[in-house]
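Ready for some practice in reading a protein structure? Take a look at the sequence and the model below, then work through the exercises with pencil and paper.

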Amino acid sequence: MARRALKLASLVAATSGICLYGNKFLDPNDFGVVRVGRAIATTAVITYDYLTSLRSVPYGSEEYDFLKSQVHLRSAERLRKLCCANRGTFIKVGQHLGALDYLLPEEYTRTLKVLHSQAPQSTRQEIEQVIREDLGKEIKEIFVSFEDTPMGAASLAQVHKAVLQDGRTVAVKIQHPKVQAQSSKDILLMEVLVLVVKQIFPDFEFMWLVEEAKKNLPLELDFLNEGRNAEKVAHMLKNFDFLKVPRIYWELSTRRVLLMEFMEGGQVNDRAYMARNGINVNEISRNLGKLYSEMIFVNGFVHCDPHPGNVLVKKCPASGKAHIILLDHGLYQVLSESFRMDYCRLWQALIKADMKKVQKYSRRLGAGDLYPLFACMLTARSWESVNRGIDRSPISASEDVEIRSNAAAYLPQITQLLNNVPREMLLLLKTNDLLRGIESALHTRASASSFLNMSRCCIRAVSTYQRSKSHSFYRRAQISLTEALSLWQINLYELFLWLKGSQLGNWVIALLSRVHHST
């Protein structure tokens with residue numbers, strides 16, 4: 001019965017999705033029936049493939065695993081084509097899935113990653129229309145020059161380089177004109193399709209993805225909100241002189257148009273660019289870790305889209321220092337105080353390999369009996385490495401393969417976890433995976449310095465929280481002393497690691513060894 005319904009849905013959807021393509025004067029994406037038809041047809045074909053391709057093969061056999069991988073690959077490609085055809089919200093959700101490297105089967109993440117480079121572009125006429133409607137002027141009245149080819153195009157908007165009448169070079173972010181009208185209908189469609197598929201596959205728990213899109217998309221479509229986020233994070237992290245956030249020009253910004261200071265550089269995962277420009281890869285990785293540790297553990301205000309196109313690096317000609325340029329401030333996660341404290345203490349337990357506390361704080365964050373899987377998802381390490389201590393040894397190629405394989409093997413449990421954990425956790429997991437992808441490209445994954453920075457921020461955050469809850473001067477002084485001692489221990493350990501890896505350290509060790517042998 002289910003298969004008959006799927007075949008019928010495919011036929012109806014395919015007919016409705018194709019019938020308007022012959023008219024060259026119409027954009028098929030303007031018609032809801034076409035977008036709905038495509039989505040229903042793709043969902044029906046994918047569901048039918050899973051239902052039929054694996055039914056006669058013994059579960060758990062090598063043949064089953066091989067066929068399942070092939071179905072994953074075909075389904076991921078169909079999803080990619082759907083996202084590219086329906087654009088807008090579909091590409092945004094596809095990009096989100098493609099970023100979940102260690103949470104979804106590799107066939108999906110590898111296929112959907114390309115959506116970052118396959119976003120649609122609005123035409124010159126559409127751009128002029130948005131600027132005319134929002135700013136009340138023609139492009140030539142505002143800009144001396146305006147580059148037709150966008151510097152970058154994303155699922156919701158594109159960015160053009162331009163020069164204002166007063167000579168300032170700016171980046172102009174302009175929303176695709178039809179995204180706003182289509183987004184709410186697209187999310188409703190996704191919600192219905194997810195519910196239908198769940199009736200056929202009870203283990204299919206992807207409502208968390210729809211809920212996230214429902215909550216975050218309206219915020220991302222409001223460029224004034226993005227401008228406020230940019231100013232907030234720039235002020236919040238003003239002590240980091242290596243961080244640069246483009247200034248916002250409010251007088252020429254609206255909900256669909258955002259004018260920013262123009263900044264350029266190489267992508268943060270481009271080792272060749274860094275080598276050509278004399279930028280220290282380890283320093284960039286270390287500073288990026290500092291930024292995100294400060295955002296997550298100390299401030300609870302987190303930039304949640306650090307894919308390489310949004311994080312640039314550039315060497316300052318005057319000072320010779322390498323700067324990190326943080327772009328695209330539409331998607332932020334605000335962490336509640338209770339969540340942030342539990343998350344801090346969980347990471348402290350993971351770094352110390354304190355399994356009792358790992359279990360305690362994982363349960364407090366909604367993991368329940370799946371806390372070992374939750375710890376592996378957070379760290380992207382095997383359970384053996386988590387027990388041994390994630391800072392004890394770098395991740396090996398075989399361990400990385402094991403983690404990716406487990407993402408496919410434990411998909412029902414992973415989706416169950418994602419439905420149970422607090423909503424704040426979902427974007428943090430995506431952010432963690434994006435940052436790990438950058439570290440992997442830079443060959444700095446699981447470095448000791450990243451764990452030391454995290455430890456510092458966790459200690460500071462927990463101590464600040466404890467002081468705020470204490471009414472005793474003696475108790476506050478005690479907390480401050482404990483904090484100072486803990487930070488001093490980390491600094492001492494960091495000095496030891498530096499000496500151990502430096503030429504000076506090798507000379508000292510050699511000298512001590514000679515003295516020892518001579519005595």
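The exercises below deal with a predicted model, and each one comes with a worked solution.

**Exercise 1. Two helices**

Work out how helix α18 is oriented against helix α19, and find the residues that make their contact.

*Solution.*
- Start with the geometry: α18 covers residues 411-420 and α19 covers residues 423-442, and the two pack at an angle of about 130 degrees with axes 7 Å apart.
- Next, compare that angle with the cut-offs: angles over 145 degrees count as roughly antiparallel and 65 to 115 as roughly perpendicular, while the rest, apart from those under 35, are oblique. Therefore α18 is oblique to α19.
- Now look at who touches whom: α18 contributes L418, N419 and N420, and α19 contributes R423, L426 and L429.
- Finally, sort these residues by class: the contact has 3 nonpolar, 2 polar and 1 charged residues.

**Exercise 2. The nonpolar cores**

Which residues have the most contacts inside the largest nonpolar core, and which helix gives the most to this core?

*Solution.*
- The largest nonpolar core holds 114 residues, and L291, Y343 and W347 have the most contacts inside it.
- Helix α13, residues 337-352, gives the most to this core, with 9 residues.
- Zoom in on L291: setting aside neighbours within four places in sequence, L291 touches L237, F240, F242, L243 and I324.
- There is also a second, separate core of 17 residues, with F146, L164, I174 and L259 among them.

**Exercise 3. Aromatic pairs**

Classify the ring pair Y59 and Y64, then decide whether each residue is buried or exposed.

*Solution.*
- As background, the model has 9 aromatic pairs.
- The ring centres of Y59 and Y64 are 5.0 Å apart and the planes meet at 65 degrees, so this pair is edge-to-face.
- For burial, recall that buried means under 20% relative accessible area and exposed means over 50%.
- Y59 has 70% relative accessibility, so Y59 is exposed. Y64 has 12%, so Y64 is buried.

**Exercise 4. One more pair**

How is the pair of F240 and F242 classed, and are these residues buried or exposed?

*Solution.*
- The rings of F240 and F242 lie 5.3 Å apart, centre to centre, with 40 degrees between the planes, and the pair is tilted.
- F240 has 18% relative accessibility, so F240 counts as buried.
- F242 has a relative accessible area of 9%, so F242 is buried.
- To finish, look for a cluster: ring pairs link F297, F339 and Y343.

How values were computed:
Residues are numbered from 1 along each chain as its sequence is written. This is a predicted model: local features need pLDDT of at least 70, side-chain atom pairs count only at pLDDT 80 or more; totals for chains, interfaces and linings use all residues. Side-chain values use heavy atoms; hydrogens and water are left out. Axes are lines fitted to C-alpha atoms, for helices over the stretch in contact, and angles run from 0 to 180 degrees between N-to-C directions. Helices (H or I, at least four residues) and strands (E, at least two) are DSSP runs, numbered from the N terminus. Contact means heavy atoms within 4.5 Å. Ala, Val, Leu, Ile, Met, Phe, Trp, Tyr, Cys and Pro count as nonpolar, Asp, Glu, Lys and Arg as charged, and the others, Gly among them, as polar. A nonpolar core is a set of buried Ala, Val, Leu, Ile, Met, Phe, Trp, Tyr and Cys residues joined through side-chain atoms within 4.5 Å. Buried means under 20% relative accessible area, exposed over 50%, partly exposed in between (1.4 Å probe, protein chains only). Rings of Phe, Tyr and Trp (its six-membered ring) pair if their centres lie within 6.5 Å; planes under 30 degrees apart count as stacked, over 60 as edge-to-face and the rest as tilted.
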